[in-house]
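Here are my notes on this model, set out as numbered points. Please read them with the structure open.

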Amino acid sequence: MLLYSEGSATTDLSEDDLRSALRQALDKLGPRQKVLAIPPDFTRFHSRAGLLTTEIHRYYGENLADVLPALGTHVPMPAHQLDEMFPGLPHDLVRPHRWRDDVVTIGEVPADYVSEVTEGIWTKEWPAQLNNLVWEGGHDLILSAGQVVPHEVIGMANGNKNLFVGTGGVTGINESHFIGAAYGMERMMGKADTPLRRILNKAEELFCQHLPIVYIQTVVGPRPDGSLATRGIYIGQGTAPFEAAAELAVQVNFTQLDEEPARIVCYLDPTEFHSTWLGNKAIYRTRMAIATGGELTVLAPAVKEFGEDGEIDRLIRKYGYRTSPEVMKFVEENEDLAANLSAAAHLIHGSPEGRFQVTYCPGHLSREEVEGVGYQYQDLAEALAYYEPETLREGWNIDRDGRRFYYIPNPALGLWAAKSRLA
């Protein structure tokens, strides 16, 4: 059921438009006494969920009881991020999600269903897990907000992924990431109907019908000048808001190129990307575009670690971004990686599979650290002086030596593929 629906590839919604859309939808729901808001964290700053969450607070006032950022495996948001993303929101409303501790298994999606939709790649039941506050908080309205955009694990981000992964637990997150990696991200990215999406939909259908969940889904894309526009907002219950937003996001966020670039350069905004766990969206989102034998250069001024979780960081350093067969063998032979399948999935996602070269230019990692996980290293200052990101435009550019390259200022906001790879 949709409470509000507006959007197209050329729509440009203002902040006031978004506030009005949200209020119209909430008016239809009627008064509520105990509301839980579940926005994404700072890694999805451009989703417009921050603005919408602050408007939820204005609308419900003291009846907004809890705000639970959907951290997934990410670290809790520090005060300065809360203030930037949710201006005016009292910090004492914000609850940290601790994915290793604060969860409950609410049921299991049957193994035969999981096996069927994954084509036999995963044959175990899948545990649906949620933060205790979502499951047992006694709220009479749960507002799950976020941006629908192509995603490496599930095809298109958001919808009930915000709940089962964003507020999920160790087993559910690990297995969901591994299912996506084993099935193959190039088979899924940019698609709304994928094996993992079907599993999450089944979990919501089986176990969550009594929860008063309303989804607020945005679609955000670039204007011709490179600035960001909100192209759509869809609010409602069930899968309808996600499906409507996903249809638009394919138009807005999926760039299909007539040729395979031999060189791609991605810039990672220092306010948003501090780890390769997040920054490797530069790899995920461009791998269907880059030519075999090509080079991806990642300008990463704030990247200082590999995993945001200490154990995952250790595993990335230990095993590195190797080929899929190598990672699968590591999982079979090593208990520590087998117990952290989301880390194994990340290693597969971040591997160029020997098909192209990844050159990382991090602000706070050494050559030894970068080369230790399987990438090439270039000094950041040298790379920034050569490419001068402030002078580049998204798309094709010419470097100082007269060579063409394709530039992407924020790989988290889209998906790029060569048409030849989609045939």
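1. Which helices and strands each supply at least two residues of the lining of the largest cavity? They are β6, α6 (161-164), α7 (170-183), α10 (276-279), α11 (281-284) and α15 (341-349). Please keep in mind that this is a predicted model.

2. The largest cavity itself deserves a look. Its volume is about 520 Å³. The lining counts 35 residues. Nearest the centre lie Arg44, His74, His151, Lys161 and Lys281. By class, the lining of this cavity holds 13 nonpolar, 15 polar and 7 charged residues.

3. How many cavities of 30 Å³ or more does a search of the whole structure find? The search finds 2. The second largest encloses about 40 Å³. Its lining consists of Gly159, Asn160, Arg197, Asn201, Glu204, Tyr215, Gly238, Thr239 and Phe242. Helix α8 (residues 195-207) gives the largest share of that lining, 3 residues. The class split for the second largest cavity is 2 nonpolar, 5 polar and 2 charged.

4. Next, the largest pocket. Its volume is about 300 Å³, and 20 residues line it. Glu15, Phe45, Arg48, Gly50 and Leu51 lie nearest the pocket centre. Four elements each supply at least two lining residues: α1 (15-29), α2, α3 (79-85) and β10. Of these, α2 gives the largest share, with 5 residues. The pocket lining comprises 8 nonpolar, 5 polar and 7 charged residues.

5. Now the sheet that contains β6 and β10. In what order do its 6 strands run? The order is β1-β10-β9-β6-β2-β3, in an open sheet with mixed pairing. At the edges are β1 (2-7) and β3 (64-67), each paired on one side only. From one strand to the next, the twist averages 20°.

6. One edge of this sheet can be checked residue by residue. Strand β2 (residues 35-38) runs parallel to β3, and 3 bridges join the two. Within this pair, Val35 is opposite Leu64 of β3.

7. Helix α2 (residues 49-60) links the pocket to the sheet in this description. This helix lies across β2, β3, β6 (141-147), β9 (213-222) and β10 (228-236). Its direction is at about 155° to β6. Both α2 and β10 also contribute to the lining of the largest pocket, while β6 contributes to that of the largest cavity.

8. There is another open sheet of 6 strands, again with mixed pairing. Its order is β15-β14-β13-β12-β17-β16. The edge strands here are β15 (376-377) and β16 (395-398), and each pairs on one side only.

9. Which helix packs on this sheet? Helix α17 (residues 380-387) does, touching β12 (263-267), β13 (295-300), β14 and β17 (404-408). The direction of α17 makes about 110° with that of β13.

10. Last, the β15 edge. Strand β14 (residues 357-362) and β15 run parallel, joined by 2 bridges. Which residue of β15 is the bridge partner of Tyr360? The partner is Tyr377.

Notes: Residues are numbered from 1 along each chain as its sequence is written. This is a predicted model: local features need pLDDT of at least 70, side-chain atom pairs count only at pLDDT 80 or more; totals for chains, interfaces and linings use all residues. Side-chain values use heavy atoms; hydrogens and water are left out. Two strands pair if DSSP finds at least two bridges between them. Axes are lines fitted to C-alpha atoms, for helices over the stretch in contact, and angles run from 0 to 180 degrees between N-to-C directions. Contact means heavy atoms within 4.5 Å. On a 1 Å grid over the protein atoms alone, a cavity is a set of points where a 1.4 Å probe fits but cannot get out, and a pocket is an open set with protein on both sides within 12 Å along at least five of seven lines; lining residues have an atom within 4 Å of a point. Grid points are joined across faces, edges and corners, and a volume is the space filled by probe spheres set on the points. Ala, Val, Leu, Ile, Met, Phe, Trp, Tyr, Cys and Pro count as nonpolar, Asp, Glu, Lys and Arg as charged, and the others, Gly among them, as polar.
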